[in-house]
Amino acid sequence: LMFSGFLRPKGSLPGALQWLAYMSPFSHSFAAMIANELEGVTTRFDAEGYTPVDVSGDIWLYQFDIDPSKASANAHTLALIALGMWVVAF
């Protein structure tokens, strides 16, 4: 979970540890889920006493360092990781 991009963006990991983000099934499933949920969505923050603010979901994706156009690549990589684990298990 540490290398999924949720707690800290993948780009901020040290170079020697970035391969863990690409091998983590959490990283690919989190990226696919967040891209599916937030792409093209506008969220309205309306706290009492403050001016309402509209925030695009693309800003959230940028903060998590997620490219929504790679959703199918994340799904394929996740399937390959699952297949690899299945082969190793047998």
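Where does Asp 65 lie? In this predicted model, Asp 65 belongs to the loop that runs between helix 3 (57-63) and helix 4 (71-89), and the legends below begin with the whole chain before turning to that loop and to other selected residues.

**Figure 1. Overview of the predicted protein, with its four helices and two strands.** Read along the sequence, the elements follow the pattern α-α-β-β-α-α, and the radius of gyration of 16 Å is well over the 12 Å that the globule rule gives for 90 residues, so the protein is more spread out than a compact globule. Along the principal axes, the C-alpha atoms fill a box of roughly 60 × 25 × 20 Å. Buried residues account for 22% of the 90 residues, and the accessible surface comes to about 6500 Å², with 66% of that surface belonging to carbon and sulfur atoms. Of the contacts between residues at least 6 apart in sequence, 44% join residues that are at least 24 apart. The protein carries 4 positive and 8 negative charges, and the mean positions of these two groups are 11 Å apart.

**Figure 2. Confidence of the prediction along the elements of the protein.** The mean pLDDT of the protein is 84, and 90% of its residues reach 70 or more. Among the elements, helix 1 (residues 18-23) has the lowest mean pLDDT, at 78, whereas strand 2 (residues 53-56) has the highest, at 92. Where pLDDT is low, the predicted coordinates should not be read in detail.

**Figure 3. Close-up of Asp 65 in the loop between helix 3 and helix 4.** Although Asp 65 is not a glycine, its phi is positive, at about 60°. With a relative accessible area of 43%, Asp 65 is classed as partly exposed, a value that lies between the limits of 20% for buried and 50% for exposed residues.

**Figure 4. Close-up of Asp 58 in helix 3.** Asp 58 is partly exposed, its relative accessible area being 39%. Once neighbours within four places in sequence are set aside, Asp 58 is in contact with Leu 38, Glu 39 and Gly 40. A pair that may be marked for scale in this view is Asp 58 and Ile 81, which are 23 residues apart in sequence and 27 Å apart in space, C-alpha to C-alpha.

**Figure 5. Close-up of Asn 74, a buried residue of helix 4.** The relative accessibility of Asn 74 is 11%, and Asn 74 therefore counts as buried, given that the cut-off for this class is under 20% relative accessible area. Not counting residues up to four places away in sequence, Asn 74 touches His 28, Ala 31 and Ala 32. Between Asn 74 and Tyr 62, which are twelve residues apart along the chain, the C-alpha atoms are separated by 16 Å.

**Figure 6. Close-up of Asn 36, an exposed residue of helix 2 (residues 25-38).** Asn 36 has a relative accessible area of 59% and is therefore exposed, since that class begins over 50%. Asn 36 and Met 85 are 49 residues apart in sequence, while their C-alpha atoms are 25 Å apart in space.

**Figure 7. Close-up of Thr 51 in the loop between strand 1 (42-45) and strand 2.** Thr 51 is exposed, as its relative accessible area of 65% indicates. From Thr 51 to Ile 34, the separation is 17 residues in sequence and 27 Å in space, taken from C-alpha to C-alpha.

Note on methods: Residues are numbered from 1 along each chain as its sequence is written. This is a predicted model: local features need pLDDT of at least 70, side-chain atom pairs count only at pLDDT 80 or more; totals for chains, interfaces and linings use all residues. Side-chain values use heavy atoms; hydrogens and water are left out. pLDDT is the predictor's confidence in each residue, from 0 to 100. The radius of gyration is taken over C-alpha atoms; the globule rule is 2.2 Å times the number of residues to the power 0.38. Buried means under 20% relative accessible area, exposed over 50%, partly exposed in between (1.4 Å probe, protein chains only). Contact means heavy atoms within 4.5 Å. Accessible areas come from the Shrake-Rupley method with a 1.4 Å probe; for residues, only the protein chains shown count as cover. Lys and Arg count as positive and Asp and Glu as negative; His and the chain ends are not counted. The place of a charge is taken as NZ of Lys, CZ of Arg, CG of Asp or CD of Glu.
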